[in-house]
Amino acid sequence: LEDESLRSPPPAAPDIALWRLMIDQHDQRRGLGRAAVACVIDHVRRKGGFRQLLVSVVPGEAGPLPFYRTLGFEPLGEGDDGELLLAYALADNDAS
């Protein structure tokens with residue numbers, strides 16, 4: 001995770017982003033990625049102070065966009081280097 005709340009001093013409204021998730025091609029489509037992302041979302045919720053969990057994907061036929069969309073991530077727009085930025089909205093009370 002890239003967690004801006006760990007900066008010194010932290011920003012007033014820190015972002016948190018899933019930097020990279022890699023599952024070996026032989027282990028894909030077995031629920032491992034879904035379980036891993038669920039654990040990350042749970043961790044971020046428990047940590048508190050965040051409105052959303054961010055992730056970026058490279059658009060393309062074999063890319064992970066459909067995977068993240070099925071988990072509830074919504075497109076925010078274009079990020080760095082042509083990547084698509086997605087956000088998973090956390091409960092309103094998590095931003096306290």
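**Helix H1, the sheet and Asp3: values against definitions**

Reader: What makes the span of helix H1 agree with expectation?

Author: Helix H1, residues 32-47, has 16 residues and reaches 23 Å from its first C-alpha to its last, close to the 22 Å expected at 1.5 Å a residue, where the expected span is 1.5 Å times one less than the number of residues. The helix itself is a DSSP run (H or I, at least four residues), strands being E runs of at least two, both numbered from the N terminus. This is a predicted model, in which local features need pLDDT of at least 70 and side-chain atom pairs count only at pLDDT 80 or more, while totals for chains, interfaces and linings use all residues. Residues are numbered from 1 along each chain as its sequence is written, and side-chain values use heavy atoms, with hydrogens and water left out.

Reader: How do you know that the buried residues of H1 are on the same side?

Author: The buried residues are Gly33, Val37, Val40, Ile41 and Val44, and they cover an arc of only 100 degrees around the axis, which puts them on the same side of H1; the arc is that of the directions from the helix axis to the C-beta atoms. On the other side of H1, Cys39 and Arg46 are exposed. What covers the buried residues includes strands S2 (16-17), S3 (52-57) and S5, together with helix H2 (65-70).

Reader: Why is Asp3 called buried?

Author: Buried means under 20% relative accessible area, exposed over 50% and partly exposed in between, with a 1.4 Å probe and protein chains only; Asp3 has 13% relative accessibility and therefore counts as buried. Its place is in strand S1.

Reader: What makes the pairing of the side chains of Asp3 and Lys47 a polar contact?

Author: The term asks for a pair of N or O atoms within 3.5 Å, where within protein one must be able to donate a hydrogen and the other to accept it, and residues adjacent in sequence count only if both atoms are side-chain atoms. The side chains of Asp3 and Lys47 are joined at 3.0 Å, and those of Asp3 and Ser5 at 2.5 Å.

Reader: Why are strands S1 and S4 said to stand at the edges of the sheet?

Author: Five strands form an open sheet of mixed pairing in the order S1-S2-S3-S5-S4. Strand S1 (2-3) and strand S4 (74-78) each have a single partner strand, so one side of each is left without a neighbour in the sheet.

Reader: How do you know that S4 and S5 pair?

Author: Two strands pair if DSSP finds at least two bridges between them, and S4 and S5 (residues 84-89) are joined in the antiparallel sense over four bridges.

Methods
Contact means heavy atoms within 4.5 Å.
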